[in-house]
Protein chains: 2
Amino acid sequence: MGKAQVLECRECGKEYDPTFRYICEECFGPLEVKYDLASIKVNKETFASRPKSLWRYFELLPLDAKSRIVDLGAGYTPLHRAERLAKKLGLKNLYIKNDTVNPTFSFKDRPASVAVSKALGLGLSAVGSPSTGNLAAATAAHAARAGLPCYIFIPWDIEPTKIVQAAAYGAEIVAIKGTYDDANKLATQAGEIYNIGVVNVNLRPYYVEGSKTLGFEVCEQLGWEAPDHVIVPTGSGALLCAVGRGFDQLEDVGLIRENNVKITSAQPYGCSPIVDAIKKSTDVIDPVEKPNTIAKSLAIGEPGDGIYAARTVMETKGFGENCTDGEIVDAIKLLASTEGIFTEPAGAVTIAVLKKLVAEGKIDADETIVCYVTGNGLKTPEVVSAPTSKPVAIDPKLEVLAQIIRR
Amino acid sequence: MGKAQVLECRECGKEYDPTFRYICEECFGPLEVKYDLASIKVNKETFASRPKSLWRYFELLPLDAKSRIVDLGAGYTPLHRAERLAKKLGLKNLYIKNDTVNPTFSFKDRPASVAVSKALGLGLSAVGSPSTGNLAAATAAHAARAGLPCYIFIPWDIEPTKIVQAAAYGAEIVAIKGTYDDANKLATQAGEIYNIGVVNVNLRPYYVEGSKTLGFEVCEQLGWEAPDHVIVPTGSGALLCAVGRGFDQLEDVGLIRENNVKITSAQPYGCSPIVDAIKKSTDVIDPVEKPNTIAKSLAIGEPGDGIYAARTVMETKGFGENCTDGEIVDAIKLLASTEGIFTEPAGAVTIAVLKKLVAEGKIDADETIVCYVTGNGLKTPEVVSAPTSKPVAIDPKLEVLAQIIRR
């Protein structure tokens with residue numbers, strides 16, 4: 001690294017060495033990793049024989065030495081050709097990028113793998129995260145693999161079942177008498193005082209780089225062609241921006257010829273500040289004070305990358321669209337029953353939005369479309385079935401069976 | 001197929017064409033797929049460029065036409081080198097075969113993929129299974145992908161949360177006023193009367209072939225070398241026999257040079273009829289009347305393949321060992337916190353047994369050992385944390401934090 005990569009302030013452009021920093025000293029803007037793409041020599045053959053994880057794209061990720069990689073096998077998940085769902089919607093070339101089968105069962109393994117690897121590279125002695133969901137599990141698992149202590153900061157009143165997975169990986173659960181904001185603040189302070197690598201705070205410049213592999217992989221899996229249209233579930237906006245950056249970088253290093261991907265943002269009605277902005281053709285984001293949706297991982301009322309996500313969508317001629325909780329549940333069942341893929345609500349938002357765009361005539365039947373399905377349905381079984389519901393019981397007799405079997 | 005494969009009675013040896021049958025007409029013994037291995041021409045290069053699913057071993061699986069394959073991407077899961085766990089146990093070459101990241105999050109996707117593909121090949125109009133767990137989900141998902149109706153037969157009093165996943169894939173849940181045996185019986189009758197492919201009953205000869213890919217893959221992932229020792233979680237015994245058959249077949253077709261794999265059976269104390277037999281150096285299996293273990297998927301008191309599993313273990317000079325529920329929970333946490341892999345109890349039984357064998361001096365530190373981790377911890381969150389337990393909450397203050405952060 002070093003020469004090929006620097007940290008650059010997104011606001012004022014000031015450059016820094018890629019060390020343990022995340023805020024510009026001049027203007028307090030966020031730092032981002034910038035690559036001297038002209039100096040990076042890669043071609044299709046570079047990757048062909050490499051292991052099937054996101055680390056196959058090593059040259060385009062912010063790490064100096066391969067020996068520091070903390071790899072649980074995140075990434076290079078299946079790009080699933082969804083023929084039955086496509087037929088139902090009147091489409092011809094529909095794909096699901098299935099991130100439910102990542103090591104901790106969500107796309108967050110990608111940024112966590114990069115951030116924890118970087119923590120190791122920077123010589124940090126612990127990592128952590130303020131998170132109550134997918135990110136907590138992803139960080140804890142990669143910390144376990146790396147042999148680093150891991151601190152997960154949560155509000156004390158969240159359901160204990162939500163942190164079972166992170167706790168199993170051996171993370172220290174720090175339950176705060178306060179809100180998620182309080183947990184976030186304390187995690188940030190812990191990072192400063194104890195040199196803890198807080199993956200989505202002080203390691204954020206590196207962390208967000210992991211998600212752009214969702215753009216890389218789709219192109220490689222389509223034979224190094226960019227799709228026509230991708231639909232991205234959107235919370236903070238960081239994932240959407242990262243996917244877009246992925247396509248741009250592949251074009252810049254010459255791995256794809258054309259990059260005319262339309263990038264669509266999908267959000268739930270109960271929290272859709274980015275989609276609302278796009279619908280008004282503006283990049284001014286009105287915060288949502290009280291997000292209210294079953295897609296908890298998208299319930300971010302003040303999206304940190306909202307303005308950049310809105311711009312990416314508008315510049316690429318994608319759409320912003322939202323959907324109700326009911327439409328999300330229907331979409332979970334639709335995807336599972338047509339394609340055998342079981343997603344949590346956030347992933348189903350993309351399917352619900354696809355359905356809407358088709359109904360509104362905004363999708364060409366021939367388009368190559370990719371829906372990002374980012375997390376696993378086993379994480380949220382409560383949304384598809386109330387725990388009290390029981391199927392109707394029948395007597396174990398053939399004459400009763402005859403009424404059930406469809407012929 | 002046809003020439004390369006026949007169905008053969010395991011008891012009397014009578015041969016049949018590989019059609020929709022599973023019991024010998026002469027002696028009512030179970031039928032198995034036999035291959036004319038000498039006529040199957042494969043080598044390492046055959047597989048090198050194929051997709052990363054169990055179907056890469058097409059020539060060694062019981063299907064005539066590739067067009068019938070129902071592929072959700074099951075198989076070719078990571079063989080994870082477990083360095084931190086190995087170090088903890090004083091071992092040098094320990095691997096985890098991580099089947100938690102299969103499409104429906106357990107190894108059952110392997111036999112389900114083969115059985116549902118075969119159902120399509122045989123022209124059956126529906127599939128089903130009596131199952132309350134992993135197999136129900138695996139069958140339902142593959143049926144969804146194939147566009148076939150799927151019937152899941154369950155006792156009416158099981159927890160509804162256990163069938164959420166199968167129901168999400170659109171399976172018809174047939175809840176029986178009766179026991180699991182009643183459900184099994186009705187499923188078998190439904191198979192006979194309505195020509196339903198009941199994956200683990202009338203499609204069983206094909207179904208069990210899917211699991212032998214767990215033997216194939218380990219050898220390919222070790223560079224076409226057999227490991228020295230594998231530890232297999234054992235319920236019915238079918239998986240253990242299939243893994244053994246996988247090693248044997250690779251040797252027969254010349255893909256591995258030597259096959260001296262010791263095969264060890266791991267069972268929970270609350271239901272260990274096969275291990276009990278092995279410990280007494282006999283293949284006579286005493287049924288367990290009331291299995292009692294948190295490893296529900298191994299709670300099979302009358303194991304159908306018990307006798308064959310016991311023989312395989314003794315012939316290969318493996319061991320039979322069991323462990324308590326407490327040891328299982330400890331092993332779940334040990335694996336998760338050292339390697340970042342979160343398993344359900346059945347998978348942890350192998351880790352607990354490995355620990356015991358090491359303590360008993362039965363394992364050579366240099367051995368190449370593979371533990372099969374067959375299902376996902378998200379399926380059984382209740383075993384690692386009582387739903388009522390809450391972490392201790394702290395005030396969001398730095399001085400309190402100072403007591404928590406280890407330095």
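Here a biologist and a modeller talk through a predicted model of two chains, A and B.

Biologist: Let's start with a helix. What makes the reach of helix H12 of chain A close to the expected one?

Modeller: H12(A) covers residues 325-339, which is 15 residues. The expected span is 1.5 Å times one less than the number of residues, and for H12(A) that comes to 21 Å. From first C-alpha to last, H12(A) reaches 21 Å, so value and expectation agree closely.

Biologist: Why are Glu327(A) and Ile328(A) called buried?

Modeller: The word applies when 20 or more other C-beta atoms lie within 10 Å of a residue's own. Glu327(A) and Ile328(A) are buried, so they pass that cut-off. Others in H12(A) that are buried include Ala331(A), Ile332(A) and Leu335(A). Just after the helix, Gly340(A) takes a positive phi of about 70 degrees.

Biologist: Now the sheet S4-S5-S13-S10-S11-S12 of chain A. What makes S4 and S12 its edge strands?

Modeller: This open sheet has six strands with mixed pairing. Strand S4 (79-81) and strand S12 (320-323) each pair on one side only, and that makes them the edges. Neighbouring strands here are turned by 25 degrees against each other on average, direction ignored.

Biologist: How do you know that strands S10 and S11 of chain A pair?

Modeller: Pairing needs at least two bridges. Five bridges join S10(A), residues 229-233, to S11(A), residues 262-268, so they count as a pair, and they run parallel. Ile231(A) stands opposite Thr264(A) in S11(A).

Biologist: And what makes S14(A) and S8(B) a pair across the two chains?

Modeller: The rule of at least two bridges applies again. S14(A) and S8(B) have two bridges, in the parallel sense, so they meet it. There, Ala393(A) stands opposite Ala175(B).

Biologist: Which element gives the most to the side of chain A that touches chain B?

Modeller: In total, 67 residues of chain A are in contact with 67 residues of chain B. H6(A) gives the most, with seven residues. That side of chain A divides into 39 nonpolar, 15 polar and 13 charged residues.

Biologist: Why is the relation between the chains that of a two-fold axis?

Modeller: A rotation of 180 degrees with 0.0 Å of shift along its axis superposes chain A on chain B, with an RMSD of 0.0 Å. That is the relation of a two-fold axis. In chain A, the C-alpha of Val101(A) is nearest the axis, 2.5 Å from it.

Biologist: How do you know that the copies meet through the same surface?

Modeller: 100% of the interface residues of chain A are also interface residues in chain B, so the surface is the same.

Methods
Residues are numbered from 1 along each chain as its sequence is written. Chains are lettered from A and ligands numbered from 1 in the order in which they are written. This is a predicted model: local features need pLDDT of at least 70, side-chain atom pairs count only at pLDDT 80 or more; totals for chains, interfaces and linings use all residues. Helices (H or I, at least four residues) and strands (E, at least two) are DSSP runs, numbered from the N terminus. A residue is buried if 20 or more other C-beta atoms lie within 10 Å of its own, exposed if 12 or fewer, and partly exposed in between; C-beta atoms are placed from the backbone. Axes are lines fitted to C-alpha atoms, for helices over the stretch in contact, and angles run from 0 to 180 degrees between N-to-C directions. Two residues are in contact if their C-beta atoms, placed from the backbone, lie within 7 Å. Ala, Val, Leu, Ile, Met, Phe, Trp, Tyr, Cys and Pro count as nonpolar, Asp, Glu, Lys and Arg as charged, and the others, Gly among them, as polar. Copies are superposed by least squares on the C-alpha atoms of residues with pLDDT of at least 70 in both.
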